[in-house]
Amino acid sequence: MNSQNKIKTLYNDGLVKFENFFEPELLEKIVKEKNNLFREYPYGQDDNLQKKSEADFVRPGSYMIWDIIEKNPIFYQILENKFIKDVALRVLGSNYTVSTFYIRKTPKINEILNPHIDYQGGLSFSILLDEINLNQGETFFYKKSHKLPPPNFVNKEKLNLSADSITGKVGDTFFWFPDCWHGRNANTSQNGTSILMCHLGNSNHPSKDATGRTVNYSKQVFKTENNKKIENKILGKIFKICGRSSNNFFTHFLYCLLYFKFNRIAQLAIEQKTIFTRKKYGDINIDNFSIFNYLKSASFMKVIIISTKQFIKKIIGKK
Ligand SMILES: O=C(O)CCC(=O)C(=O)O
(Lines give C-alpha, C1' and ligand atoms only; values in the text may rest on other atoms or scores of the structure.)
Protein backbone atom coordinates (compact mmCIF):
# COMPACT_ATOMS: atom_id res chain seq x y z
CA MET A 1 0.00 0.00 0.00
CA ASN A 2 1.50 3.38 -0.88
CA SER A 3 1.66 6.19 1.64
CA GLN A 4 -1.29 8.07 0.11
CA ASN A 5 -3.44 4.98 0.64
CA LYS A 6 -2.14 4.65 4.18
CA ILE A 7 -3.25 8.21 4.96
CA LYS A 8 -6.63 7.42 3.42
CA THR A 9 -6.91 4.35 5.67
CA LEU A 10 -5.99 6.47 8.70
CA TYR A 11 -8.75 8.98 7.96
CA ASN A 12 -11.25 6.23 7.11
CA ASP A 13 -10.62 3.91 10.03
CA GLY A 14 -8.86 6.11 12.59
CA LEU A 15 -6.00 3.56 12.59
CA VAL A 16 -3.29 2.43 10.18
CA LYS A 17 -0.27 0.16 10.45
CA PHE A 18 3.15 0.92 8.97
CA GLU A 19 6.01 -1.54 8.83
CA ASN A 20 9.72 -1.06 8.28
CA PHE A 21 9.78 2.62 9.27
CA PHE A 22 13.10 2.33 11.06
CA GLU A 23 16.60 1.13 10.27
CA PRO A 24 17.19 -2.22 12.06
CA GLU A 25 20.28 -0.78 13.83
CA LEU A 26 18.24 2.08 15.28
CA LEU A 27 15.49 -0.30 16.40
CA GLU A 28 18.04 -2.51 18.07
CA LYS A 29 19.46 0.45 19.99
CA ILE A 30 15.99 1.62 21.02
CA VAL A 31 14.99 -1.82 22.31
CA LYS A 32 18.30 -2.09 24.16
CA GLU A 33 17.71 1.29 25.79
CA LYS A 34 14.11 0.32 26.65
CA ASN A 35 15.45 -2.80 28.40
CA ASN A 36 18.02 -0.68 30.27
CA LEU A 37 15.29 1.72 31.38
CA PHE A 38 13.11 -1.07 32.74
CA ARG A 39 16.10 -2.60 34.49
CA GLU A 40 16.60 0.74 36.21
CA TYR A 41 12.86 1.39 36.70
CA PRO A 42 11.23 -2.07 36.88
CA TYR A 43 7.89 -0.53 37.94
CA GLY A 44 8.30 2.68 35.95
CA GLN A 45 7.80 6.22 37.30
CA ASP A 46 4.93 7.89 39.09
CA ASP A 47 3.38 11.10 37.79
CA ASN A 48 5.98 13.16 39.67
CA LEU A 49 8.65 11.27 37.72
CA GLN A 50 9.81 9.48 40.86
CA LYS A 51 11.03 5.92 40.50
CA LYS A 52 8.34 3.52 41.72
CA SER A 53 9.45 0.90 44.18
CA GLU A 54 6.28 -1.18 44.26
CA ALA A 55 4.38 -3.16 41.68
CA ASP A 56 1.08 -1.29 42.09
CA PHE A 57 -0.17 0.86 39.22
CA VAL A 58 -0.38 4.65 39.01
CA ARG A 59 -1.89 4.22 35.52
CA PRO A 60 -4.12 1.16 35.06
CA GLY A 61 -2.07 -1.88 34.02
CA SER A 62 0.95 0.20 33.03
CA TYR A 63 4.47 0.92 34.21
CA MET A 64 5.37 4.24 32.65
CA ILE A 65 8.71 5.76 31.69
CA TRP A 66 7.77 9.33 30.99
CA ASP A 67 10.75 11.43 30.08
CA ILE A 68 12.44 9.17 27.55
CA ILE A 69 14.03 11.92 25.46
CA GLU A 70 15.59 13.41 28.54
CA LYS A 71 16.88 9.98 29.50
CA ASN A 72 18.47 9.16 26.17
CA PRO A 73 18.70 11.30 23.00
CA ILE A 74 18.36 8.16 20.84
CA PHE A 75 14.60 8.66 21.18
CA TYR A 76 14.86 11.96 19.30
CA GLN A 77 15.65 9.95 16.22
CA ILE A 78 12.11 8.62 16.26
CA LEU A 79 10.67 12.12 16.13
CA GLU A 80 13.12 12.98 13.37
CA ASN A 81 12.18 9.94 11.28
CA LYS A 82 11.11 11.10 7.81
CA PHE A 83 7.99 8.92 7.63
CA ILE A 84 6.79 9.96 11.09
CA LYS A 85 7.32 13.62 10.18
CA ASP A 86 5.53 13.23 6.84
CA VAL A 87 2.42 11.73 8.43
CA ALA A 88 2.38 14.32 11.24
CA LEU A 89 2.78 17.20 8.77
CA ARG A 90 0.05 15.83 6.51
CA VAL A 91 -2.42 15.46 9.39
CA LEU A 92 -1.48 18.36 11.69
CA GLY A 93 0.36 20.86 9.53
CA SER A 94 3.62 22.69 10.18
CA ASN A 95 4.91 23.32 13.70
CA TYR A 96 2.92 20.48 15.14
CA THR A 97 3.25 19.78 18.86
CA VAL A 98 4.65 16.63 20.43
CA SER A 99 2.79 16.68 23.71
CA THR A 100 3.46 13.28 25.28
CA PHE A 101 6.22 10.82 24.48
CA TYR A 102 6.69 7.77 26.70
CA ILE A 103 7.06 4.02 27.00
CA ARG A 104 4.58 1.88 28.86
CA LYS A 105 5.04 -1.71 29.89
CA THR A 106 2.13 -3.96 30.78
CA PRO A 107 3.03 -6.93 32.98
CA LYS A 108 1.01 -10.17 33.15
CA ILE A 109 -2.43 -8.94 34.16
CA ASN A 110 -5.96 -10.24 33.90
CA GLU A 111 -7.70 -6.90 33.47
CA ILE A 112 -8.54 -5.03 30.31
CA LEU A 113 -8.49 -1.26 29.92
CA ASN A 114 -12.00 -0.38 28.80
CA PRO A 115 -12.56 1.41 25.50
CA HIS A 116 -12.42 5.19 25.74
CA ILE A 117 -11.42 8.23 23.73
CA ASP A 118 -8.77 10.75 24.79
CA TYR A 119 -9.65 14.00 22.96
CA GLN A 120 -10.60 15.01 19.44
CA GLY A 121 -8.56 16.41 16.58
CA GLY A 122 -5.18 14.93 17.48
CA LEU A 123 -2.86 12.24 16.17
CA SER A 124 -0.99 9.54 18.07
CA PHE A 125 1.41 6.78 17.19
CA SER A 126 2.48 3.59 18.93
CA ILE A 127 5.64 1.62 18.19
CA LEU A 128 5.81 -1.97 19.37
CA LEU A 129 9.01 -2.49 21.38
CA ASP A 130 8.35 -6.20 21.88
CA GLU A 131 6.77 -8.75 19.62
CA ILE A 132 3.15 -8.59 20.78
CA ASN A 133 0.46 -11.15 20.00
CA LEU A 134 -3.23 -11.37 20.93
CA ASN A 135 -3.98 -11.00 24.65
CA GLN A 136 -0.48 -9.84 25.40
CA GLY A 137 -1.39 -6.40 26.70
CA GLU A 138 -1.91 -4.96 23.23
CA THR A 139 -3.96 -1.86 22.52
CA PHE A 140 -7.17 -2.49 20.57
CA PHE A 141 -9.23 -0.11 18.43
CA TYR A 142 -12.74 0.10 17.06
CA LYS A 143 -12.18 1.24 13.50
CA LYS A 144 -14.28 4.18 12.24
CA SER A 145 -15.51 4.93 15.78
CA HIS A 146 -14.14 8.50 15.67
CA LYS A 147 -17.44 9.44 14.04
CA LEU A 148 -19.54 7.89 16.83
CA PRO A 149 -20.34 9.13 20.34
CA PRO A 150 -17.74 8.21 23.01
CA PRO A 151 -18.14 4.52 23.97
CA ASN A 152 -19.75 5.07 27.37
CA PHE A 153 -22.77 6.65 25.62
CA VAL A 154 -23.34 3.70 23.29
CA ASN A 155 -24.76 0.18 23.61
CA LYS A 156 -21.79 -1.56 22.03
CA GLU A 157 -23.51 -4.94 21.87
CA LYS A 158 -26.33 -3.52 19.73
CA LEU A 159 -23.95 -1.91 17.26
CA ASN A 160 -22.24 -5.11 16.26
CA LEU A 161 -18.79 -3.53 16.38
CA SER A 162 -15.61 -5.50 16.86
CA ALA A 163 -12.20 -4.40 18.01
CA ASP A 164 -8.90 -4.80 16.14
CA SER A 165 -5.77 -5.52 18.16
CA ILE A 166 -2.50 -3.88 17.25
CA THR A 167 -0.22 -6.89 17.28
CA GLY A 168 3.01 -7.45 15.40
CA LYS A 169 6.76 -7.42 15.53
CA VAL A 170 9.20 -5.01 17.11
CA GLY A 171 9.17 -1.71 15.22
CA ASP A 172 5.67 -2.03 13.75
CA THR A 173 4.17 1.43 14.00
CA PHE A 174 0.51 2.34 14.24
CA PHE A 175 -0.84 5.83 13.69
CA TRP A 176 -4.22 6.44 15.28
CA PHE A 177 -6.70 9.13 16.09
CA PRO A 178 -7.11 9.60 19.87
CA ASP A 179 -10.84 10.13 19.25
CA CYS A 180 -11.12 6.59 17.87
CA TRP A 181 -12.30 4.23 20.64
CA HIS A 182 -9.39 2.30 22.10
CA GLY A 183 -8.48 0.21 25.12
CA ARG A 184 -6.05 -2.54 26.09
CA ASN A 185 -6.38 -6.31 26.35
CA ALA A 186 -5.22 -8.42 29.27
CA ASN A 187 -1.68 -9.75 29.17
CA THR A 188 -1.77 -13.52 29.56
CA SER A 189 1.92 -13.99 28.75
CA GLN A 190 4.53 -14.32 31.47
CA ASN A 191 6.51 -11.40 30.08
CA GLY A 192 5.63 -7.76 30.20
CA THR A 193 5.07 -6.17 26.79
CA SER A 194 6.05 -2.61 25.98
CA ILE A 195 4.93 0.04 23.55
CA LEU A 196 6.36 3.48 22.87
CA MET A 197 3.58 6.02 22.51
CA CYS A 198 3.47 9.56 21.29
CA HIS A 199 0.60 12.05 21.31
CA LEU A 200 0.71 14.98 18.91
CA GLY A 201 -1.49 17.92 18.03
CA ASN A 202 -1.41 20.95 15.78
CA SER A 203 0.67 24.02 16.67
CA ASN A 204 -1.98 25.24 19.14
CA HIS A 205 -2.26 21.93 20.97
CA PRO A 206 -1.43 22.16 24.70
CA SER A 207 2.24 21.29 25.13
CA LYS A 208 1.67 19.49 28.41
CA ASP A 209 2.31 15.82 28.70
CA ALA A 210 -0.04 13.43 30.47
CA THR A 211 1.69 14.05 33.82
CA GLY A 212 0.94 17.77 33.57
CA ARG A 213 4.52 18.82 32.76
CA THR A 214 5.05 21.35 30.02
CA VAL A 215 7.29 19.78 27.41
CA ASN A 216 8.79 21.35 24.33
CA TYR A 217 10.18 18.51 22.25
CA SER A 218 8.44 19.91 19.20
CA LYS A 219 9.90 23.40 19.56
CA GLN A 220 13.42 22.05 19.46
CA VAL A 221 12.90 19.72 16.55
CA PHE A 222 10.08 20.77 14.28
CA LYS A 223 10.03 24.54 14.00
CA THR A 224 9.76 24.50 10.22
CA GLU A 225 8.30 27.92 9.47
CA ASN A 226 7.01 30.85 11.42
CA ASN A 227 3.55 31.16 9.92
CA LYS A 228 1.39 30.84 12.98
CA LYS A 229 -1.80 32.70 12.09
CA ILE A 230 -3.60 34.85 14.63
CA GLU A 231 -6.24 32.61 16.11
CA ASN A 232 -9.87 33.60 16.25
CA LYS A 233 -10.32 33.73 20.02
CA ILE A 234 -14.01 32.72 20.04
CA LEU A 235 -13.38 29.76 17.76
CA GLY A 236 -10.45 28.78 19.98
CA LYS A 237 -12.64 28.91 23.07
CA ILE A 238 -15.41 26.83 21.50
CA PHE A 239 -13.03 24.13 20.30
CA LYS A 240 -11.20 24.17 23.62
CA ILE A 241 -14.48 23.45 25.41
CA CYS A 242 -15.75 20.76 23.06
CA GLY A 243 -12.46 19.20 21.90
CA ARG A 244 -12.02 17.20 25.10
CA SER A 245 -15.36 15.47 25.27
CA SER A 246 -14.54 11.93 26.30
CA ASN A 247 -17.22 12.14 28.96
CA ASN A 248 -19.71 14.63 27.57
CA PHE A 249 -22.16 13.55 24.89
CA PHE A 250 -23.44 17.04 24.15
CA THR A 251 -20.11 18.78 23.64
CA HIS A 252 -18.87 15.78 21.64
CA PHE A 253 -21.87 16.06 19.33
CA LEU A 254 -21.32 19.81 19.03
CA TYR A 255 -17.68 19.19 18.07
CA CYS A 256 -18.72 16.70 15.38
CA LEU A 257 -21.25 19.15 13.93
CA LEU A 258 -18.70 21.99 13.87
CA TYR A 259 -15.85 19.91 12.49
CA PHE A 260 -17.64 17.61 10.08
CA LYS A 261 -20.80 19.45 9.07
CA PHE A 262 -20.26 23.22 9.27
CA ASN A 263 -17.65 23.37 6.56
CA ARG A 264 -17.00 27.11 6.66
CA ILE A 265 -16.33 27.03 10.41
CA ALA A 266 -14.24 23.87 10.12
CA GLN A 267 -12.17 25.32 7.28
CA LEU A 268 -11.46 28.49 9.24
CA ALA A 269 -10.58 26.50 12.36
CA ILE A 270 -8.24 24.18 10.45
CA GLU A 271 -6.56 27.09 8.63
CA GLN A 272 -5.95 28.81 11.95
CA LYS A 273 -4.81 25.55 13.52
CA THR A 274 -7.41 25.97 16.20
CA ILE A 275 -6.85 23.78 19.24
CA PHE A 276 -8.13 20.17 18.83
CA THR A 277 -8.47 20.32 15.06
CA ARG A 278 -6.56 18.33 12.47
CA LYS A 279 -6.59 18.72 8.72
CA LYS A 280 -9.28 16.91 6.77
CA TYR A 281 -8.42 14.23 4.24
CA GLY A 282 -9.88 16.36 1.45
CA ASP A 283 -12.35 13.92 -0.08
CA ILE A 284 -16.04 14.10 0.80
CA ASN A 285 -16.29 10.29 0.79
CA ILE A 286 -13.69 10.08 3.54
CA ASP A 287 -14.55 13.23 5.49
CA ASN A 288 -18.28 12.52 5.58
CA PHE A 289 -20.25 12.31 8.81
CA SER A 290 -23.77 11.00 9.31
CA ILE A 291 -25.80 12.76 12.01
CA PHE A 292 -28.39 9.99 11.68
CA ASN A 293 -25.80 7.28 12.28
CA TYR A 294 -24.29 9.19 15.21
CA LEU A 295 -27.61 9.68 16.98
CA LYS A 296 -28.83 6.17 16.11
CA SER A 297 -25.72 4.76 17.80
CA ALA A 298 -26.28 6.63 21.05
CA SER A 299 -28.09 5.05 23.98
CA PHE A 300 -30.26 7.87 25.24
CA MET A 301 -30.72 6.08 28.53
CA LYS A 302 -26.94 6.18 29.05
CA VAL A 303 -26.77 9.81 27.95
CA ILE A 304 -29.42 10.79 30.49
CA ILE A 305 -27.97 8.73 33.35
CA ILE A 306 -24.35 9.79 32.85
CA SER A 307 -25.20 13.45 32.22
CA THR A 308 -27.48 13.61 35.28
CA LYS A 309 -24.79 12.06 37.47
CA GLN A 310 -22.25 14.58 36.18
CA PHE A 311 -24.64 17.45 36.77
CA ILE A 312 -25.32 16.34 40.36
CA LYS A 313 -21.58 15.90 40.96
CA LYS A 314 -20.95 19.44 39.72
CA ILE A 315 -23.63 20.91 41.98
CA ILE A 316 -22.44 18.97 45.04
CA GLY A 317 -18.82 19.73 44.18
CA LYS A 318 -19.55 23.45 44.18
CA LYS A 319 -21.07 23.42 47.68
O1 LIG B 1 -1.68 1.41 27.05
C2 LIG B 1 -2.36 1.21 26.05
O3 LIG B 1 -2.21 0.23 25.32
C4 LIG B 1 -3.48 2.15 25.70
C5 LIG B 1 -3.15 3.55 26.12
C6 LIG B 1 -4.35 4.43 26.07
O7 LIG B 1 -5.45 4.00 26.21
C8 LIG B 1 -4.18 5.87 25.87
O9 LIG B 1 -3.07 6.35 25.63
O10 LIG B 1 -5.20 6.58 25.93
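Biologist: How many bridges join β5 to β10, and in which sense do these strands run?

Modeller: The general idea is that strands of a sheet pair through backbone hydrogen bonds, either parallel or antiparallel. In this structure, which is a predicted model, β5 is joined to β10 by six bridges, and the two run antiparallel. Within that pairing, Leu128 stands opposite Ile195 in β10.

Biologist: With which other strand does β5 pair, and over how many bridges?

Modeller: Strand β8, residues 173-176, pairs with β5 in the antiparallel sense over four bridges, and the bridge partner of Ser124 in β8 is Trp176.

Biologist: How should I read the two faces of β5, and which residues point each way?

Modeller: One reads a strand by asking which way its side chains point and whether each residue is covered. For β5, Leu123, Phe125 and Ile127 point one way, while Ser124, Ser126 and Leu128 point the other way, and all are buried. Strand β5, which covers residues 123-128, is accordingly described as mostly covered, with six of its six residues buried.

Biologist: How many residues of strand β3 are buried, and how many bridges join β3 to β10?

Modeller: Strand β3, residues 97-106, has ten of its ten residues buried, and nine bridges join β3 to β10 in an antiparallel arrangement. Strand β2, residues 63-65, is also antiparallel to β3, to which it is joined by three bridges. Arg104 of β3 is a useful residue to follow here, since Met64 stands opposite Arg104, and Arg104 in turn stands opposite Ile195 in β10.

Biologist: Which residues surround the ligand?

Modeller: Arg104 and Ile195 appear again, for the ligand is surrounded by Ser62, Arg104, Leu113, Asp118, Thr139, His182, Arg184, Ile195 and Met197. The elements that give two or more residues to this shell are β9 and β10, and by class the shell has three nonpolar, three polar and three charged residues.

Biologist: In what order do the four strands of the open sheet stand, and which strands are at its edges?

Modeller: The order is β4-β9-β6-β7, with antiparallel pairing. At the edges stand β4 (113-116) and β7 (164-165), each with a single partner strand, so one side of each is left without a neighbour in the sheet. Inside the order, β6 (residues 139-141) and β9 (residues 182-184) pair over three bridges in the antiparallel sense, and Thr139 stands opposite Arg184 in β9. Both Thr139 and Arg184 are among the residues that surround the ligand.

Biologist: Turning to helices, which residues of α8 are buried, and where do they fall when seen down the helix axis?

Modeller: In α8, residues 233-242, the buried residues are Ile238, Phe239 and Cys242. Seen down the axis of α8, these buried residues fall within an arc of 90 degrees, so they line one face of the helix. Their packing partners are α9 (249-261) and α10 (263-271).

Biologist: Is Ile30 in helix α2 buried or exposed, and which residues does Ile30 touch?

Modeller: Ile30, which is found in helix α2, counts as buried because it has 23 C-beta neighbours inside 10 Å. Not counting residues up to four places away in sequence, Ile30 touches Ile74 and Leu129.

Biologist: How do I read the backbone phi angle, and which phi does Asn20 have?

Modeller: The general idea is that most residues other than glycine have a negative phi. Asn20 has a positive phi of about 60 degrees although it is not a glycine, and it is found in the loop between β1 (15-18) and α2 (24-40). With 11 C-beta neighbours inside 10 Å, Asn20 counts as exposed. Lys144, likewise not a glycine, has a positive phi of about 70 degrees; it lies in the loop between β6 and α6 (156-159) and is partly exposed, with 15 other C-beta atoms within 10 Å.

Biologist: Finally, what radius of gyration does the protein have, and what would a compact globule have?

Modeller: For 319 residues a compact globule would have a radius of gyration near 20 Å, and the protein has 19 Å, which agrees. The C-alpha trace spans about 50 × 45 × 45 Å along its principal axes, the secondary structure comes to 13 helices and ten strands, and 36% of the 319 residues count as buried.

Key. Residues numbered from 1 in each chain as written. Predicted model: local features only at pLDDT ≥ 70, side-chain atom pairs only at ≥ 80, totals over all residues. Buried ≥ 20, exposed ≤ 12 C-beta atoms within 10 Å, placed from the backbone. Arc of directions from axis to C-beta. Contact = placed C-beta atoms within 7 Å. Pairing = 2+ DSSP bridges. Near = placed C-beta within 6 Å. Nonpolar A, V, L, I, M, F, W, Y, C, P; charged D, E, K, R; others polar. Rg over C-alpha atoms; globule rule 2.2 N^0.38 Å.
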